[in-house]
Number of protein chains: 2
Amino acid sequence: LILAYDGTNYKGWQLQPDAATVQREIERVLREVYGKDIRVHGASRTDAGVHARHQAAHYKAPFIIPAEKIPIAVNTYLAEDVVVLSASYEKEEFHSRFSAKRKRYEYIMFSARRRDPFRERYSWRVPYKLDVPLMRRELLSLLGEHDFRSFQASDKKERTSVRTMYDLGIKKKKDGSLVIHMEGNGFIYNMVRNVVGTLMDIGRGHLAPGTMERLLEVKNRAKGGNTAPSRGLFLTDVKY
Amino acid sequence: LILAYDGTNYKGWQLQPDAATVQREIERVLREVYGKDIRVHGASRTDAGVHARHQAAHYKAPFIIPAEKIPIAVNTYLAEDVVVLSASYEKEEFHSRFSAKRKRYEYIMFSARRRDPFRERYSWRVPYKLDVPLMRRELLSLLGEHDFRSFQASDKKERTSVRTMYDLGIKKKKDGSLVIHMEGNGFIYNMVRNVVGTLMDIGRGHLAPGTMERLLEVKNRAKGGNTAPSRGLFLTDVKY
């Protein structure tokens with residue numbers, strides 16, 4: 001399945017006891033469609049409040065429904081803030097998470113002193129002027145293979161924090177928003193939000209130019225900047 | 001005050017017992033700022049779920065706070081989905097509603113078979129193809145002074161349903177959305193949503209070309225189309 005969702009009302013992708021999660025919502029609906037319990041696996045375990053324009057997920061279908069009929073059937077039952085964009089059958093060995101070669105995230109941010117009720121659901125408003133060319137240079141120093149331990153959530157430890165970034169950049173939209181994109185072979189927990197939070201601190205002058213390179217060297221989360229809020233973060237692609 | 005708000009979580013502008021309304025929220029905050037009860041009057045009594053990018057409101061200030069400080073003071077206490085954009089002092093006889101010369105509304109609509117979780121909070125998705133040039137011609141037949149009784153909510157009767165429309169049109173945005181705008185000396189209850197609902201029925205071929213002119217003649221709500229949902233409607237200007 002290729003899915004999109006507004007993450008505002010969910011405690012993230014992954015199943016949790018007594019919490020609305022996207023996985024739970026999809027499993028609830030697949031039970032309606034197939035008449036039995038089905039376990040769904042997502043490509044990315046998006047965090048509470050994080051959105052997806054393109055999330056991938058797979059499940060073992062107990063019987064065959066033509067692929068083009070699946071979005072129609074599933075969307076009929078799904079909550080308004082989740083939608084299946086397309087469906088396809090894959091080989092037995094396919095796994096939405098382990099077969100993924102690249103993931104892409106975008107983070108939307110804008111600089112304004114005053115609230116904007118229509119933009120803040122899907123972006124981070126920052127009440128400071130930002131040095132965007134500097135932020136762009138700093139972000140680019142993360143390109144390639146690095147140990148991203150300095151950008152790992154301090155309470156989570158993964159087997160390895162080495163990841164490769166293939167495409168990084170910052171674009172300015174017509175309405176003044178900054179769209180920061182990161183595409184890599186994988187992301188450790190909270191990595192994008194920690195990179196963006198650090199970038200913002202550099203852009204407003206609270207952290208010195210060169211901070212990104214230094215953080216890659218010291219491998220210590222405590223030296224990094226803030227964690228950017230989840231509402232500005234979008235999973236925008238998963239490539240196989 | 002010039003205000004903007006996301007109307008999703010409000011039962012409209014006007015005070016109601018036991019309901020969250022924008023007026024109640026502003027009055028709650030003015031009580032914090034001035035230390036006493038203050039009655040606020042809005043230019044437009046926007047309906048439940050209707051948004052505003054530019055609503056005007058006035059109140060009698062019990063003492064003088066410099067005008068440029070008012071947005072800062074008020075926004076500190078206001079809920080996240082309401083914001084004061086600016087404030088100014090007016091003459092004693094000014095009334096936000098009765099002094100208004102023109103109001104402008106915009107309605108956002110898009111044509112797509114599939115849900116879009118990121119657009120539907122602020123627009124009406126219609127699962128039909130629409131004949132936009134025809135809709136535009138039909139809308140333009142409302143230009144000038146007319147009796148709009150056919151577009152009045154059936155349960156509300158105002159003294160007169162004669163209004164003058166100065167500027168009407170439909171623009172297509174880059175993302176495919178249609179922005180329908182109506183600017184006039186006033187609007188009867190539900191008028192914009194009833195015009196848009198009727199336009200949609202014309203655009204999809206359920207009502208014949210010429211329906212708008214005929215509705216102006218028959219002055220009968222029962223002959224019109226559907227009422228468009230409130231989430232696509234924005235109050236965008238009030239002129240004095």
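Visitor: How many residue pairs are in polar contact between chain A and chain B?
Guide: A polar contact is a pair of N or O atoms within 3.5 Å; within protein, one must be able to donate a hydrogen and the other to accept it, and residues adjacent in sequence count only if both atoms are side-chain atoms. With both residues at pLDDT 80 or more, the count between chain A and chain B is eight residue pairs.

Visitor: What pLDDT do local features need in this predicted model?
Guide: Residues are numbered from 1 along each chain as its sequence is written, while chains are lettered from A and ligands numbered from 1 in the order in which they are written. Side-chain values use heavy atoms, with hydrogens and water left out; in this predicted model, totals for chains, interfaces and linings use all residues, side-chain atom pairs count only at pLDDT 80 or more, and local features need pLDDT of at least 70.

Visitor: How many salt bridges does the rule find across the interface of chain A and chain B?
Guide: A salt bridge is a side-chain nitrogen of Lys or Arg within 4 Å of a carboxyl oxygen of Asp or Glu. Over all chains the structure holds 32 of them. Across the interface of chain A and chain B, the number found is zero.

Visitor: Which strand of chain A gives the largest share of the side that touches chain B?
Guide: Strands here are DSSP runs of E with at least two residues, helices are runs of H or I with at least four, and both are numbered from the N terminus. Strand 1 (2–5), strand 3 (51–58) and strand 4 (82–86) of chain A each give two or more residues to that side. The largest share, four residues, comes from strand 4 of chain A.

Visitor: How many nonpolar residues are on the side of chain A that touches chain B?
Guide: Ala, Val, Leu, Ile, Met, Phe, Trp, Tyr, Cys and Pro count as nonpolar, Asp, Glu, Lys and Arg as charged, and the others, Gly among them, as polar. The side of chain A that touches chain B has two polar and seven charged residues, and its nonpolar residues number 13.

Visitor: Which three residues of chain A supply the most buried area against chain B?
Guide: Buried area is the accessible area (1.4 Å probe) that two parts lose on being put together, summed over both. Chain A and chain B bury about 1900 Å² between them, 57% of it on carbon and sulfur atoms. Of the area that chain A buries against chain B, 43%, more than from any other three residues, is supplied by A:Arg115, A:Pro117 and A:Phe118.

Visitor: What kind of rotation axis relates the two copies?
Guide: Copies are superposed by least squares on the C-alpha atoms of residues with pLDDT of at least 70 in both. Chain A falls on chain B after a rotation of 180 degrees with 0.0 Å of shift along the axis (RMSD 0.0 Å). The copies are therefore related as by an axis that is two-fold.

Visitor: Which residue of chain A comes closest to the rotation axis?
Guide: Contact means heavy atoms within 4.5 Å, and it takes 22 residues from chain A and 22 residues from chain B. Closest to the axis among the residues of chain A, at 5.2 Å (C-alpha), is A:Arg121.

Visitor: Is A:Glu25 buried or exposed?
Guide: Buried means under 20% relative accessible area, exposed over 50%, and partly exposed in between (1.4 Å probe, protein chains only). A:Glu25 meets A:Arg28 in a salt bridge of 2.8 Å, N to O, and the two are about one helical turn apart because they lie three residues apart in helix 1 (residues 22–34) of chain A. A:Arg28 is partly exposed at 32%, whereas A:Glu25, at 10%, is buried.

Visitor: How many residues apart are B:Arg104 and B:Glu183?
Guide: Their side chains meet in a salt bridge of 2.8 Å, N to O. The pair links distant parts of the chain, B:Arg104 in strand 5 (residues 102–111) and B:Glu183 in strand 9 (residues 178–184) of chain B, and their separation is 79 residues.

Visitor: What is the relative accessible area of A:Ser230?
Guide: A:Ser230 lies in the loop between helix 5 (211–218) and strand 10 (233–239) of chain A. A polar atom of the A:Ser230 side chain is 3.0 Å from the backbone oxygen of A:Ala48. A:Ser230 counts as buried because its relative accessible area is 16%.
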